[in-house]
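Student: I have a model open beside its sequence, and I would like a close look at a single part of it. Could you walk me through that part and then connect it to the rest?

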Amino acid sequence: MNDMRRRLPVALAAVIVFGFLGLFFAWPVAAIIGLGLRGDVGTVLAEPSTWRLVGFTLGQAAASTAVALLAGLPLAYVLSRLVIPGRGLLRVAVTVPFVLPTIVVGMAFRALFGADAGVLAIVLANAFFNVAVVARTVSGLWSHLDRRMEDAARSLGASRMRAFTSVTLPALLPALGSAASVVFLFSATSFGVVLVLGGGELRTLETEIYLRTVQLLDLPGAAALSLLQLAAVVAALLVATIARRRRETALRLRAPSDTARRPQGGEWCVVALAGVVLCGLLTPIVTLLLRSVSTRDGRGLAGYRALLGTGQHGTLEVTGLEAALNSVRTAADATWMALLLGLLASFVLVAVRRRFVAESLDLALMLPLGVSAVTVGFGYLITLGSLPGDLRTSPLLVPFAQALVVTPLVIRMVLPVLRAIDERLRQAAATLGAGPWRVRREIDVPLAARTVLAAAGFGFVVALGEFGATSFLARPDAPTLPVAIARLLGRPGELNSQLAYAACALLMIVTVLGVVLIERLRGRTDAVEEF
Amino acid sequence: MNRYLRWGAALAVASLATGCSLIGSPDPDSAARTVTLVAHDSFVADPAVLADFERRSGIKLEVRNSGDAGELTNKLALSQAAPLGDVAYGVDSTFASRALREDVFAPYRPAAADRGPQRYAQDQQHRLTAIDVADVCLNVDTGWFARHGTPEPRTLRDLTDPRYRDLVALPDPTTSSPGLAFLLGTVAAFGEPGWQDYWRELTANGVTLSSGWEEAYSQEFSGSTGQGPRPIVLSYASSPAAEVDENGKPRTRALLDTCYRQVEYAGVLAGAKDPQAAGEVVDFLLSPEFQAQMPEQMYVYPAVDGVALPPGWATSAPLPQQPTELPAAEVERNRDRWVEQWRTLVRG
C-alpha cells in the first residue's frame, strides 16, 4: 500500500515527461529518419567525405569545448571564490553572449577575422556562446566547496597548483563534466555559426543535414548523417555521465559566504585572466552596439527609433517592440513548460533506484540538445498532421520546441541539488509522520527553490535566444526577435540593417533585465547549482 | 516568509507572462471561411490590401511563412498527404518541376492568367500560376567606379577581366538561393561545359564567396550599409531601389545584361479544405491591388501586364529586358549534378 502511494506519482510524472518527449521529439525524429532509411543510406556512409565531415564536426566541437573551458574557468573562479567589486556585473556580462542571434555573432566574427575566417573563427565563436555555460555551471559548485580541504593539502606541503589539481579539480569534475557535455553538444550542432563563418566550405554534420533536408530533399543522405550525429551525441553523453557519476552526492558543501574572500597573491593573476576573457566577450558585443548606432553619415539613433516601426516598406509584419514582446511571451511559455517537465523528470530520476535505469533515462532526456532542429522540424510535418487539431501550424509549437531545448538544461541544474539533499532528512520527516507530498513540500521544495529559480532564469534566457527550432516554426505574424533580426538582415536597405542591430541591442537589454531580475529574486544561493 | 514572497512573485510573473500568450489570441470570426496561404519567408503584403480583400470576399486569410523557395517546396512535398494549407505561394522556377512531380498542386486557372502570367506557365494543367518575376543580377556601387575612374563591368564575361580582379562578392550556390540562380545563369549563358571554364577563370580572378546573400551584400559590398571592400555583388535587379540617397538617387545599379530570371508561382494545394475559396485567393494574388504593392513590399516585379511600377523604379530598378532562363525541367534534372561539379571545381 505504502509502496503504491510512493510509486504512483513517479509513474505519473514519468508518463507526462516521456509522453511529451515521445510526441514532440522521438516520434517526429524517428519518422523523418525512417522515411530516409527507405533510400540508399549505405552509399552515404561509405563516402570518405562523410567521415571527413564527422571528423571536422567532432574536432571543432572538441576544440570549442576546450576553449570554452579554458576561458570559463578563471571566470568561474572569480565568480565563486573571490570578493571583488562588480561581480554581479560580471555574471550578467557573461550570460549575454548566449542569447545573441547566431547570424549576428557570425557576422561580427566575420567582420573581425575577415572573409576567410576559417576554423579558428568557428571555434572562437562557439566558445564565445558557451563560456556562460562553463562559468555558471562550474562556479555554482565551486562556491560551495570547502576551502579547508585545499588548505589542509597546502599545510602538508603541496604547492598551490598541486593542491588545485589533486584536491579541487577532482571535486569539480561533476560540474566540469556537465558543462563540457552541454558545450560539446551545443558546439557540435551549432548551425548558424558554421554556415556564416565556414562560408559553405567548412561543413559539419549539422549544416550538411540542413542542406540535404531543406535544399536537396535528399532524405536518405540526411537520415544517414542524422544517425551518425546521434551516435556521436550519445557517445559524448556517455562520457559526461561517467564524469558525473562519482561525486554527485558525496560532497561536503559550504555556504558561499564561507568560501569567498578578497583575492590575494597569485589570485590576482586569475583576476587578470578573467579580465582578459571578459574583454574578449565584450569585443563582439561592443562591436554590435557600435554598429547599431552607425549610419551612413556617422552616428545616429535611426535604428532605435525604427524599433517602433516595421522596417523599410514594412519588412516585418509587426514592429520591433512587438517582436520583443513575442519573444518574452514565447520564452515565458517555454520556461514554465521546461520547468514543469524538468522538475517532473528530476523527480523521476531521483526516485529511480537502479543506477543503470536512471542514467539511461537521463541520457534520453538530454538527446534533444544533440539532434538537428531541421530533423525535428521536418519530422513535425509528417507526424503532427495525423494528430487532431493540426498542431503543425499552431502557435504553441514554438514554445514546445524551445521547451525541448531548455528542459535538459533545467534537469542538469536541478538534479544535482535534489541528489545532494541528504536522504536522512527525508527519512526523518517520514518517521515523524509526514506523507510523501508533505516530505517534498517541507524538505525538497525549500532546499531546491533557489536553484529552480536560477534554472528558470537561465532557461528563459536560452529560450529568448533560441533560433534554430524557432525559425522553422514561428508564424510571420508572431516572429520572435531573433527571427525578426534574421529577416531584416535578409533585405536590402539601410534602415533594415540598422533596425536589425538595434533589435540585437534590445535583445541584450531584455536578457540583462531577465538575468538581473533572477539574480535579485534568488538572492545569494545557498544550494548547489550546476548553472 | 521571504521565501514564500519570492515564490509568489515568481509565480505571479510566470502566470502573467503565460496568461497573455496562451489565452491571448482568441479567434473571433472562426465562422468565416478561412484560407491558409503557405508562403516563402519573403512574403509581405500591405495590410490594408489584405484587409480589403478579406472584407470584400468574406475570406479570412492566414499566412504561414515556410522558409525560402526550396525549403517551401520540400515542406509541401513532405506534407502532401496532409497539406499545410490551401494555397501556396513562392515555389519558384528552380523548384517548380519538383513540386509538379510530387503532385503538390491541383489544377486551377485564374481568369487573369491570360494577362501576362500565362507566358511563364509550367504545365498544361495550370497547376502553377506565375505571380511575380524576380531577376538575380550583379549590382555595382556606381560611386566606387566613378571615384576610381574604372568603367563599370557590363557582362558576365567582363568579370574575368583582370581589371575587376578581387572586386566581386558572390553567395555560395550550394547554400544560397540567389547563389544557385547565378550558377544557373552561368550555365544558361555559357552552356556545358563552357560554364565550368568560366568559373575557373572567375575563381582565378579573385571572387569572394560567402554562405549567404546577407554576408555578401551587407558585409562585402561597398554600396550597402556595411560599406565593405568590394564594389560588385550578386543581388537582385530591384535592389538599387532600396539604396537611394537623400535626393532619391540610387547609389547602386543592377547590370541588366547579367540577370537570371526567377518566376515565383502560386497554386491551389491538392487536398485543400475549400478549393473554391483557395482559387479566390489565387485570383486575389493576380488582382491589380495586390500586384501593384508587390514591388515595394517584396522587391519583385508584377507578372500581370500593365501594372504600374512605383515611382522611381523606371530609373533605379528597371526590369531587365533579356534575362537568361533555363526550363524548370532541365534545372530539376541537372541541378544536383551542376552543384556537385561546381563544388569540386571551386572548392577542390
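Student: Which residues are exposed on the other side of helix 7 of chain A?

Tutor: Happy to take you there, and please keep in mind that this is a predicted model. The exposed residues on that side of helix 7 of chain A are A:M149 and A:S155. To see what they are opposite to, look at the buried residues of this helix, which covers residues 147-155: A:R147, A:E150 and A:A153. Viewed down the axis of helix 7 of chain A, the buried residues fall within an arc of 125°, so they line one face of the helix. The spacing has a simple background: an α-helix has 3.6 residues a turn, so residues three or four places apart point the same way. After helix 7 of chain A comes A:G157, which has a positive phi, near 105°.

Let's stay in chain A for a residue that sits in a loop. A:S372 is found between helix 16 (355-366) and helix 17 (373-383) of chain A. Its relative accessibility is 2%, and because buried means under 20%, A:S372 counts as buried. The side chain of A:S372 comes to 3.2 Å from the backbone nitrogen of A:V374. Leaving aside residues up to four places away in sequence, A:S372 touches A:E206, A:I209 and A:Q229.

Now to the partner chain. Chain B has 12 helices and 11 strands, and its C-alpha trace spans about 70 × 65 × 45 Å along the principal axes. Chain B has 348 residues, of which 58% count as buried. Among the contacts in chain B with a separation of 6 or more, 74% are between residues 24 or more positions apart.

Where the two chains meet, 61 residues of chain B are in contact with 57 residues of chain A. The area buried between them is about 5300 Å², and carbon and sulfur atoms give 54% of that area. There are 17 residue pairs in polar contact between chain B and chain A, counting pairs with both residues at pLDDT 80 or more. Several elements of chain B each supply at least two residues to the side that touches chain A, including helix 1 (2-22), strand 2 (59-65), helix 8 (213-220) and helix 12 (328-347). Helix 1 of chain B gives the most to that side, with 10 residues. By class, the side of chain B that touches chain A has 21 nonpolar, 21 polar and 19 charged residues.

Charged pairs deserve a closer look here. Across the interface of chain B and chain A, two salt bridges are found. A:E208 forms a salt bridge with B:R343, with the closest N and O atoms 3.7 Å apart. Both of these residues belong to a network of salt bridges that links A:R203, A:E208, A:R212, A:D218 and B:R343.

Over all chains, the whole structure has 29 salt bridges, and chain B offers some good ones to compare on your screen. In helix 3 of chain B, B:K75 and B:E71 lie four residues apart, about one turn of the helix. They form a salt bridge whose closest N and O atoms are 3.3 Å apart. B:K75 counts as buried at 5% relative accessibility, and B:E71 counts as buried at 7%.

Another pair in chain B spans a long stretch of sequence. The side chains of B:R98 and B:E332 meet in a salt bridge at 3.6 Å, N to O. B:R98 lies in helix 4 (residues 96-101) of chain B and B:E332 in helix 12 of chain B, so this pair ties together parts that are 234 residues apart in sequence. Both B:R98 and B:E332 are buried.

A last pair brings us back to the spacing within a helix. B:D197 forms a salt bridge with B:R200, the closest N and O atoms being 2.7 Å apart. These two are three residues apart in helix 7 (residues 194-204) of chain B, separated by about one helical turn. B:D197 counts as partly exposed at 39% relative accessibility, and B:R200 counts as partly exposed at 44%.

Definitions and conventions: Residues are numbered from 1 along each chain as its sequence is written. Chains are lettered from A and ligands numbered from 1 in the order in which they are written. Side-chain values use heavy atoms; hydrogens and water are left out. Contact means heavy atoms within 4.5 Å. Buried area is the accessible area (1.4 Å probe) that two parts lose on being put together, summed over both. A salt bridge is a side-chain nitrogen of Lys or Arg within 4 Å of a carboxyl oxygen of Asp or Glu. A polar contact is a pair of N or O atoms within 3.5 Å; within protein, one must be able to donate a hydrogen and the other to accept it, and residues adjacent in sequence count only if both atoms are side-chain atoms. Ala, Val, Leu, Ile, Met, Phe, Trp, Tyr, Cys and Pro count as nonpolar, Asp, Glu, Lys and Arg as charged, and the others, Gly among them, as polar. Buried means under 20% relative accessible area, exposed over 50%, partly exposed in between (1.4 Å probe, protein chains only). The arc is that of the directions from the helix axis to the C-beta atoms.
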